[in-house]
Amino acid sequence: MPITRILIANRGEIALRIHRAAHEMGIETVAVHSTADADAMHVRLADHAVCIGPPAAGESYLNIANIISAAELSHADAIHPGYGFLSENARFAEIVEAHEVIWIGPKPEHIRTMGDKVAAKKSAGELGLPLVPGSDGAVETIEEAKKVAAEIGYPVLVKAASGGGGRGMKVVPEEGQLESLMSQAKTEAKNAFGDDTVYIEKYLGNPRHIEFQIFGDGRGNAIHLGERDCSLQRRHQKVLEEAPSPVLSQEERMRMGGICADAMAKMGYRGAGTIEFLWENGEFYFIEMNTRLQVEHPVTEAITGVDLVREQIRIADGKDLSCSQDDIEFSGHAIECRINAEDPFTFAPSPGKISHYHAAGGMHVRVDSGLYAGYSIPPYYDSMIAKLIVYGRTRERCIMRLRRALGEMVIEGVKTSIPLHQELLEQDDVLSGDYSIKWLEDWLKTRG
Ligand code: MV4
């Protein structure tokens, strides 16, 4: 039976994004919402809506029992998790499938493997992806740690196996500090994740974050859709993303993308995924894999013309990939600015009522947002309220258009990061594409 009604287990712009793809395919949608989101645009747009609990995400958007109940009540035959919330929860994926509801996502076993950093790295290595030099799996003792570190050379990085978002990482400059930093890392990991497993890697001092978008059909076929450069981050939150990366040639793209697609084909991966690498001096080093659609997926859509959510739904419905690798053409350049309801200088959240709203428009300008005039941004969730995605034939034209579009955006009533983006797009290093994962935080320190 083909999918006829999708429950969207998410909120905000990504819920709208999924609704739009579904409707274009003739599929009905069911919104779920907390009591704080009763007036949200994702609820208004959907064909059906179910309240799943109070404002706290733990009691609503993360409440598995309530979401499954909502799916049964609304006769949804599939669930799309979006990003964040339950999107990388293997147990949720299993529960969805056990209820004979189609899970629009990867196989639960693959979500689980990639969620464990040590298992993910082991798997990535076996699949032929290039790894950061380091320990072969978890490091149990200080003797073992010293041996590995001496082999790869200092500085090294001690990472928590259950870590994520940079939590539980310690840079160790020399052997004298290894023992104390490793025990600190273990204590922090134990407290944060209830798991003190750590592993060791060579510390890369000034890399870029480059990630490849892949798609698999779950039956041994996979393609890649090129890369995104997400190096401009603050505290592990991406600020601006672009595709293609300013540092890769078409040859390097197809070589590395081919390695990623081959790896995914070999593992029988199903659906959308992102393989994250650090890139330094022309070399790629696998760091982790995200088994979900990502916030920044529209820049890939802009340069390839492929609707990634449509593709996810097709694959979940048992169809083949809609195109082969040879059909994928990369054209032009796209940049996404994440617009947050926050102070552009202090980054303090700025929830509240939107008094005036006008989205930028014109050729090659896309705004993904659930905002409208009169809407109140609730204080309970992520501060990202809109994404501005701009395409141009060249990177230069993309940037010119992006500046124009940022100038057209009107979001009044709350503070937003629009002025930050406008300032960023005047910086020589951003204009030339000469930045690493360190650049943004270094620049913020020197900013007037
Ligand atoms: C690293 C690294 C340097 N060397 N691994 C941060 C979060 C996690 N996803 C991986 N992270 C890093 N791993 C080695 N061997 C530097 C980072 C890192 C980082 C990576 C991507 C984007 C932004 C970052 C900011 C700080 C540190």
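**Reading a strand and a pocket**

Me: In this predicted model, which residue in β7 does V156 stand opposite?

Reply: V156 stands opposite V172 in β7, and this belongs to a wider pairing, since strand β6 (residues 156-164) and strand β7 (residues 167-172) run in the antiparallel sense and are joined over five bridges.

Me: What should I look for in the hairpin of β6 and β7?

Reply: Look at the turn, where two residues lie between the strands, and where G165 takes a positive phi near 60°.

Me: With which strand does β6 pair over five bridges besides the one you named, and in which sense?

Reply: Strand β8 (residues 198-202) pairs with β6 in the antiparallel sense, again over five bridges, and there the bridge partner of L157 is E201.

Me: Why can β6 be called largely enclosed by the rest of the structure?

Reply: As a general idea, the side chains of a regular strand alternate between the two faces of the sheet. To judge how enclosed a strand is, we count its buried residues, where buried means under 20% relative accessible area. In β6, seven of the nine residues are buried, so the strand is largely enclosed by the rest of the structure.

Me: How do I read the second largest pocket, and which domains supply its lining?

Reply: Begin with its space, about 190 Å³, and then ask where its lining comes from: domain 1 (5-104) and domain 3 (208-447) each give at least three residues. Helix α1 (12-24) gives the most, with three residues, while β17 (365-369) supplies at least two.

Me: What kinds of residues form that lining?

Reply: Seven are charged, one is polar and one is nonpolar, and among the lining residues are R17, E301, V306 and D368.

Methods. Residues are numbered from 1 along each chain as its sequence is written. This is a predicted model: local features need pLDDT of at least 70, side-chain atom pairs count only at pLDDT 80 or more; totals for chains, interfaces and linings use all residues. Side-chain values use heavy atoms; hydrogens and water are left out. Buried means under 20% relative accessible area, exposed over 50%, partly exposed in between (1.4 Å probe, protein chains only). Helices (H or I, at least four residues) and strands (E, at least two) are DSSP runs, numbered from the N terminus. Two strands pair if DSSP finds at least two bridges between them. On a 1 Å grid over the protein atoms alone, a cavity is a set of points where a 1.4 Å probe fits but cannot get out, and a pocket is an open set with protein on both sides within 12 Å along at least five of seven lines; lining residues have an atom within 4 Å of a point. Grid points are joined across faces, edges and corners, and a volume is the space filled by probe spheres set on the points. Ala, Val, Leu, Ile, Met, Phe, Trp, Tyr, Cys and Pro count as nonpolar, Asp, Glu, Lys and Arg as charged, and the others, Gly among them, as polar. Domain bounds come from an automatic or database domain assignment.
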